[in-house]
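Reader: I am new to this structure and should be grateful for a close look at a single part of it, the nonpolar core. Please describe that part and its surroundings in a connected account.

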Amino acid sequence: MLRGLRAGVLEWDGLGEVPAQEGFDVLHQLLAVVMRPEMREALKDLPDAPEYPQRRNRSFEDFSLAGRRALIERLAYLVQDWPWRFSGAVRAAALTRRPLVANMPQIPSWYDVVAEQFSQANGRRAYKVTPLVPHLTSAEIAAYRDAAPTEIEGRRWTVIWHYTQQPQKLPVARKLGLSWQFVHNTVTKYNARGPESLMDVRRGRELRSKRLLNAEQEQELRALIDSSPKRLSNEQLADWFEAQIGKRPDATTLWMYRRGGSHSHKGRRAD
């Protein structure tokens with residue numbers, strides 16, 4: 001672990017090396033798995049079992065120093081001969097995928113592949129795999145991703161790049177913190193129309209405001225509101241708008257103008 005901190009990669013039995021941050025995230029998660037009662041029972045034949053604190057929502061810090069050492073020894077045992085020893089212990093403990101990935105905001109693909117086995121073993125259908133049409137190589141996709149001119153294009157190319165590494169929509173959505181629908185739509189469009197489908201249609205377009213009032217009318221309205229001894233009612237403001245532009249705005253638009261903002265197609269938010 002100390003070498004991993006210095007080198008940025010963590011040695012992982014069966015995988016060679018993994019990025020240190022991913023490795024530490026998985027070790028942290030596996031430590032929570034080791035502390036579960038089901039896993040405690042599955043590993044009961046190992047020597048030097050830790051003494052569990054009498055607390056329902058116990059954490060690693062609740063254990064004594066000797067108990068922490070015993071937990072780390074069990075963690076070291078589980079990651080040897082990866083993933084076979086860990087998978088065997090999970091099956092013996094009758095755990096499902098949920099506790100293996102609970103509270104993990106991003107799940108490394110090499111760990112998710114192992115955890116996913118237990119969704120299928122729990123009676124769930126395997127994820128449907130939609131092959132990616134090879135419009136571009138992985139390197140070309142990465143180049144498009146890095147050179148994306150807008151945020152939305154970059155996000156779409158990131159989805160496609162991760163999909164080349166793991167062609168399953170739900171795991172990619174979980175890894176990137178996106179909705180399954182966004183990943184599904186992005187992959188479907190890319191397969192059907194190629195790289196052009198990922199272009200942001202708003203790229204380079206200048207959005208023009210469509211104000212209800214011109215600058216002079218807005219100044220006149222502001223002077224009217226500020227000079228009125230009493231708060232003008234919505235009815236009075238609507239009468240003023242009707243006299244100026246020939247129509248009566250709704251209550252939300254009137255509220256926006258009271259705040260000093262303008263109402264345009266960008267939304268009912270003050271500039």
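Author: The account below begins with the protein as a whole and then turns to the core and the pocket. The model is a predicted one. Its secondary structure comprises 14 helices and 2 strands, and of the 271 residues in the protein, 37% are buried. Among contacts between residues at least 6 apart in sequence, 56% join residues at least 24 apart.

In soluble globular proteins, nonpolar side chains tend to be buried together. Here the largest nonpolar core has 33 residues, and those with the most contacts inside it are Trp 12, Leu 30, Met 39, Trp 82, Phe 86, Leu 100 and Tyr 111. Two or more residues of this core come from each of strand S1 (9-12) and helices H2 (20-34), H4 (65-79), H5 (84-93), H6 (97-101) and H7 (109-120). The largest share, 6 residues, is given by H2.

Trp 12 merits particular attention. Leaving aside residues up to four places away in sequence, Trp 12 touches Val 18, Gly 23, Val 26, Leu 27, Leu 30, Val 79, Trp 82 and Trp 110. A second, separate core has 12 residues, including Leu 136, Tyr 163, Val 187 and Leu 198.

Trp 12 also appears in the description of the largest pocket, whose volume is about 370 Å³. This pocket is lined by 15 residues, of which Met 1, Leu 10, Glu 11, Trp 12 and Leu 27 are the closest to its centre. Helix H1 (2-7), S1 and H4 each contribute at least two residues to the lining. By character, the lining consists of 10 nonpolar, 1 polar and 4 charged residues.

Notes:
Residues numbered from 1 in each chain as written. Predicted model: local features only at pLDDT ≥ 70, side-chain atom pairs only at ≥ 80, totals over all residues. Heavy atoms only, no water. Core = buried A, V, L, I, M, F, W, Y, C linked by side-chain atoms within 4.5 Å. Buried < 20%, exposed > 50% of the residue type's maximum accessible area, 1.4 Å probe, protein only. Helix = DSSP H or I, 4+ residues; strand = E, 2+ residues; numbered from the N terminus. Contact = heavy atoms within 4.5 Å. 1 Å grid on protein atoms, 1.4 Å probe; cavity = no way out; pocket = protein on both sides within 12 Å on 5 of 7 lines; lining within 4 Å. Points joined across faces, edges and corners; volume = space filled by probe spheres on them. Nonpolar A, V, L, I, M, F, W, Y, C, P; charged D, E, K, R; others polar.
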